[in-house]
Amino acid sequence: MHNESLSKYEYLLGTFGNSNYIQAQIAKAQYSLREFDQVEALFEELMRSDPYRVEDMDMYSNVLYAKECFSALSFLAHRVFMTDKYRPESCCIIGNYYSLKGQHEKSVMYFRRALKLNKNYLSAWTLMGHEFVEMKNTPAAVDAYRRAVDIDPCDYRAWYGLGQAYEMMGMPFYALHYFQKSVFLQPNDSRLWIAMAQCYETEQLRMLDEAIKCYKRAAACNDREAIALYQLAKLHAELGHPEEAASYYKKDLERMEDEEREGPNMVEALLYLARYYKLQERFEEAEVYCTRLLDYSGPERETAKSLLRGMRSSQLSLPSMDVERFPP
């Protein structure tokens, strides 16, 4: 109940305005809600008011790792090492630093040190599992994640890690079981819904209707990676639902325009929408998408020119447009 705890801590902060403990608890709640920018700002404030703080700073290192802030994570690792290198939090921060550098063996070594200092240190087991996944050492990853869920059965990251590990081993039924546990514990995390949807899409399962439901939940949970809308469009197209596919391609296209992203997904969306509106005999809308495709230099340009000629040959009145003026 992260939102409820956040509101209560914020109320307490009104009375205990200088409490570092309450600020750290607010950061924890916001971390669970994946509001990383606010978490980063809170931890920066904590570091200014308490420069020798080590407690909870491993969570700050997780945020810096997720945002790939290499220099800030390097500075934090150096700072906690100089303050107290014999704390599990310090070892986890240094482990995250080496992981971001791609030195996974060194990272595992520091997570092991954290566990020597505190064998029930949950974060170290989970992060070590992630490292073993990166190293393709699936049995060791499964063991680390299982140790984590033994310590805390409510650690959704460890359940999610188990799902990933079994997916890597080509066992989607097992993976699905663990993804369902993780999403039950953290229903507002789009990554978990996407992982479960991809599991439903595997060759062994091919439960595409279930995958669509999961992608819809991911899209409703602020899908930062912008995967869900594209996958919904593709699945509806595959299942022969052109109207739904066009709707999701259009939403995905609008999102890409808002975020100023280019790439093959944009070309695919433009092509699908151009063909869809042509089949619907909504030629003016089809021409808009075809015209945008003419700005590209690949085969999609020729496809757009061919679609425009096809629409021209119809008896419907369209604004004249000389597609031949575009050089090949």
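Which residues line the largest cavity? The legends below take up this cavity and then the pockets.

**View 1. The largest cavity and its lining.** This is a predicted model, in which local features need pLDDT of at least 70 and side-chain atom pairs count only at pLDDT 80 or more, while totals for chains, interfaces and linings use all residues. Residues are numbered from 1 along each chain as its sequence is written, and side-chain values use heavy atoms, with hydrogens and water left out. The largest cavity (on a 1 Å grid over the protein atoms alone, a set of points where a 1.4 Å probe fits but cannot get out) holds about 30 Å³ of space, a volume being the space filled by probe spheres set on the points, which are joined across faces, edges and corners. Its lining residues (those with an atom within 4 Å of a point) are Met47, Asp50, Pro51, Arg53, Met57, Leu76, Arg79, Val80 and Thr83. Helix H5 (residues 70-84) gives the largest share of this lining, four residues, where helices are DSSP runs (H or I, at least four residues) numbered from the N terminus.

**View 2. The largest pocket.** This pocket (an open set with protein on both sides within 12 Å along at least five of seven lines) has a volume of about 870 Å³. Of the 28 residues that line the largest pocket, Arg34, Tyr65, Ala66, His130 and Arg191 lie nearest its centre.

**View 3. The second largest pocket.** About 550 Å³ of space lies in the second largest pocket, and among its 20 lining residues Tyr31, Ser32, Met59, Leu122 and Arg157 lie nearest the centre. Helix H2 (20-32), H4, H8 and H10 each supply at least two residues of this lining.
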